[in-house]
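This report describes strand pairing and helix packing in a single protein chain. Please consult the sequence and the structure shown below while reading.

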Amino acid sequence: MLNYARYAENLGELKVPTLVIALVDHLVDPGAIGQAVNACIDLLDSVEVAAFDSDPLYDYRAQRPIVTYNDGVLSSSAEPGMSLDLVTDVNGQTFLFLHGTEPDFHWPRLTADVMEIMGKLGVEKVFSIHGMPAPIPHTRPADMLIRTTTHVDNPAVVRGQVTHPASLSDYIEYQLGQSGYQAINIRVRVPLYMSRSDMPFFSGALAVVRQLAALGGPTIPLGDLEQHEDQQGLELANIAQQDDQFAAMVAQFEEEYDSSEQGFVKTHDETGPLPTSEEIGAAVEKFLAMQNSNPLEGVRPVQEPPQKTKAKDADAQDFRTHLRNSLAQLFNRKQED
């Protein structure tokens with residue numbers, strides 16, 4: 001019996017072998033990796049298959065609702081929450097996506113709910129994604145620590161022992177391992193000077209999306225990540241030209257990165273670029289036309305989802321201001337405009 005979750009209607013005999021977990025703590029999301037990957041998955045067709053009762057799971061003083069003022073009245077309120085969606089990737093394969101704000105309370109019983117849902121829907125493999133701050137430069141390929149619940153006889157694996165506070169995804173991963181499930185965590189390293197910014201580390205987000213597909217997970221559209229990666233690189237190069245201290249730090253990180261032999265994984269795009277958002281519609285429509293039934297058809301969400309609004313083009317954002325603010329926090333000094 002579920003504690004905090006409730007299923008959508010008409011699930012029938014739905015079976016989905018893959019689950020992706022991308023819960024976000026907005027105060028601890030190095031490089032905004034989770035938020036960037038969530039934005040890419042949001043481009044895909046989806047329907048909610050399970051909802052969670054937010055009231056007992058969140059501390060509303062720590063995860064305060066966001067209200068919007070509009071012409072003298074509060075027009076909306078966005079409260080923390082999480083949900084489980086059935087998503088169709090660009091190859092027409094379905095996967096489950098657990099997303100939203102990381103809850104504050106009742107992790108053991110919430111984990112039991114997730115595992116019960118996994119059993120009902122036939123989940124066999126679980127992926128989770130994170131970023132982690134590291135003394136690395138943005139000028140080198142983004143690399144990742146790959147963690148699994150099953151033993152991997154790989155001499156290139158990162159050796160050692162580290163103790164750190166767990167996220168809910170970590171907690172679920174451990175419990176899944178104890179129960180014999182296969183779970184894989186993709187943890188991309190984020191440059192220290194970008195880990196505390198609200199702007200995503202776009203190279204890292206790209207690496208996660210590509211690595212997810214390479215490990216047998218869903219194929220997710222890249223959206224505008226590649227364009228943002230290029231622009232971010234240009235802005236950082238411009239800052240390095242104007243700031244000797246920043247340039248020296250990057251140079252030191254480059255030297256350490258190039259001399260390291262630790263087993264962090266880099267993506268190798270051997271199969272060509274992943275589809276962009278313009279290719280999603282045609283790919284999904286072609287797949288659905290070949291099927292006798294649509295896997296999303298007949299599944300009624302727990303509640304009507306709010307109408308999605310597209311964010312303004314990120315090119316309109318002031319990349320330089322965001323990056324300078326991040327550097328100012330690192331160096332503990334005010335940057336001049």
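How are α4 and α5 oriented relative to each other, roughly parallel or roughly antiparallel? The model is a predicted one. The axes of helix α4 (residues 202–214) and helix α5 (residues 225–242) cross at roughly 150 degrees and come within 8 Å. Angles over 145 degrees count as roughly antiparallel, and α4 and α5 are therefore roughly antiparallel to each other. The crossing in which α4 passes α5 is left-handed.

On the α4 side, F202, S203, A205, L206, V209 and R210 take part in the contact, and they meet L225, E226, H228, E229 and Q232 of α5. By residue class, this contact of α4 with α5 comprises five nonpolar, three polar and three charged residues.

**Strand β8 and its partners**

Strand β8 spans residues 125–134 and is mostly covered, with eight of its 10 residues buried. Its pairing with strand β2 and its pairing with strand β10 are set out in the table.

| Strand pair | Partner strand | Sense | Bridges |
|---|---|---|---|
| β2 and β8 | β2, residues 18–24 | parallel | four bridges |
| β8 and β10 | β10, residues 182–191 | parallel | 10 bridges |

Individual positions can be located within these pairings. K125 in β8 stands opposite T18. A134 has P191 in β10 as its bridge partner.

In summary, β8 pairs in the parallel sense with β2 and with β10, while α4 and α5 are roughly antiparallel to each other.

Note on methods
Residues numbered from 1 in each chain as written. Predicted model: local features only at pLDDT ≥ 70, side-chain atom pairs only at ≥ 80, totals over all residues. Heavy atoms only, no water. Buried < 20%, exposed > 50% of the residue type's maximum accessible area, 1.4 Å probe, protein only. Helix = DSSP H or I, 4+ residues; strand = E, 2+ residues; numbered from the N terminus. Pairing = 2+ DSSP bridges. Axes fitted to C-alpha atoms, helices over the stretch in contact; angles between N-to-C directions. Parallel < 35°, antiparallel > 145°, perpendicular 65-115°, else oblique. Left-handed = near helix turned anticlockwise from the far one by under 90°. Contact = heavy atoms within 4.5 Å. Nonpolar A, V, L, I, M, F, W, Y, C, P; charged D, E, K, R; others polar.
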